[in-house]
Amino acid sequence: MKPVAKFFNTAGPIKQDLHYNVNPLHRINLDELEQLIMQQKYFILHAPRQTGKTSCLLALRDYLNEQGDYIAVYANVEAGQAARNDVREVVLSTMATIADRVDTIVGNEIALNIYDELYRKGDQTNSLLTLFLKKLCGALPKPLVLFIDEIDALVGDSLVSVLRQIRAGYDQRPAYFPISIVLCGVRDVRDYRIVLSNQDIITGGSAFNIKAESLRLGNFSKEEIRELYMQHTAATGQEFDEACFPMIWEATEGQPWLVNALGHEVTMKMKENRDRSIRIIPEM
């Protein structure tokens, strides 16, 4: 396949071989995260949309798997949103997603076989996820670190069930439950105002009171914006006038999607600027 020239990313997680990027592991406090995982803690990573949360989780997953002490797995549970308050459907969807991602990492069907076994047995819905994770962790050769993305896409009874089933197995870690779970979403779990199907209201904090930390992913710094744009200059020779950078900061305040969108606009959408001999100036 013909190699693709790198470009500014405005859709989905970054790919190192396709996109100009600020190293996701440099955007998080890696030492702090490793300590939380080593201490067997469950915690939250939250930030507004299009900030780079998923890119950071994927990079952390790959880093941990390369280190070799854990099996680190990323699972996006957003698909369960379609089932709304159908708790069984959401729990099964969550289990199936985790099983697929675990098997991709370990290279066999160990998780899918456990899922199929529990599905056939028809265990109680409100203990199904707990039992799945218990059996899974007992069968894996290393402790499981689980990143659950888009957790706040789930709603009502379903969200409460997933949170409480994770909490129910907490005391069995690391031999029979994930050594660490990171819940990722737009908001801190304490801010979840969950309306159940009977119209009762609970808070996410009461459903997931085992949370040790809430970490927030920030925007790019001025230095990171410059680093990102200079990757384009290094790759193509196309230069940015120095006066561009204060304008980029003023327009975006470092919000990652906006920073990339401006870069994409001025280097690709403006067709005349695809001539890399043209210097990018503030008026553009």
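Helix axes here are lines fitted to C-alpha atoms over the stretch in contact, with angles taken between N-to-C directions on a scale from 0 to 180 degrees. With that in hand, α3 and α6 have axes that come within 9 Å and cross at roughly 50°. This is a predicted model, and its chain of 284 residues carries 10 helices and 7 strands. Below is a quick tour of the overall picture, the cores, two helix pairs and a few backbone oddities.

**Overall picture**

- The C-alpha trace spans about 65 × 45 × 35 Å along its principal axes.
- Of the 284 residues, 46% count as buried.
- Take the contacts between residues at least 6 apart in sequence: 73% of them join residues at least 24 apart.

**Nonpolar cores**

- As background, nonpolar side chains tend to be buried together in soluble globular proteins.
- The largest nonpolar core has 38 residues, and M95, L129, F132, L136 and I151 are the ones that touch the most other members.
- Two or more residues of this core come from each of β1 (42-46), β2 (71-76), α3 (87-106), α4 (110-121), α5 (125-139), β3 (144-149), α6 (156-168) and β4 (180-185).
- The top contributor is α3, which gives 8 residues.
- L136 is worth clicking on: beyond its neighbours within four places in sequence, L136 is in contact with I98, V102, A111, I114 and L144.
- There's also a second, separate core of 26 residues, with L33, A59, L64 and I179 among them.

**Helix pair α3 and α6**

- Back to the pair from the top: the axes of α3 and α6 cross at roughly 50°, which makes the two helices oblique, since angles from 65 to 115 count as roughly perpendicular and those under 35 degrees as roughly parallel.
- Their crossing is right-handed.
- On the α3 side you'll find V87, V90, V91 and T94, which meet D157, S158, S161, V162 and Q165 of α6.
- This contact is a mixed bag, with 4 nonpolar, 4 polar and 1 charged among its residues.

**Helix pair α9 and α10**

- Helix α9 (residues 244-252) packs on helix α10 (residues 256-269) at an angle of about 135°, and the axes sit 9 Å apart.
- That angle makes α9 and α10 oblique to each other, because only angles over 145 count as roughly antiparallel.
- Here too the crossing is right-handed.
- The α9 residues I248, A251 and T252 meet L258, V259 and L262 in α10.
- By type, the residues of this contact come out as 5 nonpolar, 1 polar and no charged.

**Backbone oddities**

- For reference, most residues other than glycine have a negative phi, and most peptide bonds are trans.
- The peptide bond from R173 to P174 is cis, its omega being near 0°.
- You'll find P174 in the loop between α6 and β4.
- E150 has a positive phi, near 60°, despite not being glycine.
- This glutamate, E150, lies in the loop between β3 and α6, and E150 counts as buried because its relative accessibility of 14% falls under the 20% cut-off.
- E253 also has a positive phi, near 50°, and again the residue is other than glycine.
- The spot for E253 is the loop between α9 and α10, and there E253 is exposed, with a relative accessible area of 55%.

Note on methods
Residues numbered from 1 in each chain as written. Predicted model: local features only at pLDDT ≥ 70, side-chain atom pairs only at ≥ 80, totals over all residues. Heavy atoms only, no water. Helix = DSSP H or I, 4+ residues; strand = E, 2+ residues; numbered from the N terminus. Left-handed = near helix turned anticlockwise from the far one by under 90°. Contact = heavy atoms within 4.5 Å. Nonpolar A, V, L, I, M, F, W, Y, C, P; charged D, E, K, R; others polar. Core = buried A, V, L, I, M, F, W, Y, C linked by side-chain atoms within 4.5 Å. Buried < 20%, exposed > 50% of the residue type's maximum accessible area, 1.4 Å probe, protein only.
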